Amino acid sequence: MTLLLGCIADDFTGATDLAALLARSGLPVSLRIGVPQEKRDRSETAAFEVIALKCRTSPIDMSVKQARQALDWLKEAGASRFFWKYCSTFDSTAEGNIGPVAEMLMAETGAAQTIYCPAFPENGRSVFMGHLFVGEQLLSESPMKDHPLTPMRDSSLVRLLTPQVAGAVGLANRNVVVKGAAALRVKLAQLGSDGVQHVIVDAVCDDDLRTIAAASFDMPLLTGGSAIAGQLPQFYIEQGLASLSEHRLALPKVAGGSIVLSGSCSAMTRRQVANYAGQVASLRLDPIALAEESADTALEWLRRQSADAPKLIYATAEPGEVRRAQEQLGRHKAGQVVEDALSEIARAAFDCGTRRFVVAGGETSGAITQALGVTHLAIGPEIAPGVPWTFATVEGEAIALALKSGNFGGEGFFMDAFDRLEAA
């Protein structure tokens, strides 16, 4: 069918989040892990093609290169509109990949201007007067200020984006958005005539997102969180570009053991791990011990457990513990040893018969998905806003994967996830 929107996500959990919100429309969504190696027959594309990269914290030149390869594949598949997806908390390093990738995509798609809208009101992320809020807290005062890889110490999206791009950055604030799509189009045009290529757009509720989508859905390139993308399908349908006649994909029933693997140290994941650890067999990983002794102890523990029993293995830790590990190992190595260990454990769990995986953390999800050799995911039911079950085939066996961004879901998310899978 016609490819309506080609999407590039900067990490795997962000990609599943985006795919879940697009799938709410009832139109087909295809999620690919990494840039596919094969060219795609245009007759086989879904309405929404999402390519998941693992480039959020990569060097800028590497991120831009990967995004360009994804763009080329999407163009070849027939896309003429594109979406650059990043986290609803604008996660980026001091160097920042969001702006450089956006500028490359603008140049390659002929976009004179684009918008930046990470707001996700359903999950408590909003943008007001250009400042990003997590719930009622400014981003810089939220637990995101202590993120181990991308500590967010400023809440102003204009200040965060400006050093990342060569073009001018401007703001369309909520006073404009509440006046409606026509007023927002006028504001965007005014900013464009003033030479502003990059526009932060305020949104504090879903009505704001609908207004923004109405004003911008025909732009060649949009950027933001999944929530603004989730508003786009209705406009494609209203324009007659797609219909809901396509049947939904049948999803497999997945039996086999279950495991939760968590590398996230976000505030919500810490509460989720504490909640679940009291209910199932659990093992905590220490990055310093992993660096000294490898993951053999954890693998031995895993093999002693019943294959069918639910299990939890986690490197989730309090901010002070994370700082101590980073001071001893360095920030990159402290994260890498955890990713490597959890990837090895995931592979061993599969060999032991585990077929249902919940993974917490964007970087961890990327590493584990690659370790399992997953390249294509079907989108299943949502467990919590932005976190769906997904399904893939590994060595001829169906597996279920839930890839969770650190701060998504409630305290009982892990148990809820497996209950949701049983009911699907």
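**Figure 1. Overall dimensions of the predicted chain.** The chain's radius of gyration, taken over C-alpha atoms, is 21 Å, which agrees with the value near 22 Å for a compact globule of 424 residues; the globule rule is 2.2 Å times the number of residues to the power 0.38. This is a predicted model, in which local features need pLDDT of at least 70 and side-chain atom pairs pLDDT 80 or more, while totals for chains, interfaces and linings use all residues. Residues are numbered from 1 along each chain as its sequence is written, and side-chain values use heavy atoms, without hydrogens and water. The C-alpha trace spans about 65 × 50 × 35 Å along its principal axes. Of the 424 residues, 58% are buried (under 20% relative accessible area; exposed is over 50% and partly exposed in between, with a 1.4 Å probe and protein chains only).

**Figure 2. Strand β18 and its partners.** Six of the eight residues of β18 (residues 397-404) are buried, so this strand is largely enclosed by the rest of the structure. Strands are DSSP runs of E with at least two residues, and helices are runs of H or I with at least four, numbered from the N terminus; two strands pair if DSSP finds at least two bridges between them. Strand β15 (residues 354-360) pairs with β18 in the parallel sense over five bridges, and F357 is bridged to L401 of β18.

**Figure 3. The β17–β18 hairpin.** Strand β17 (residues 387-394) runs antiparallel to β18, with six bridges joining them. T393 has A398 in β18 as its bridge partner. Two residues lie between the strands of this hairpin, and E395 in the turn has a positive phi of about 50°.

**Figure 4. H332 in helix α14.** Helix α14 covers residues 331-351 and contains H332. H332 is exposed, at 62% relative accessible area. Its C-alpha atom is separated by 9.9 Å from that of T57, 275 residues apart along the chain.
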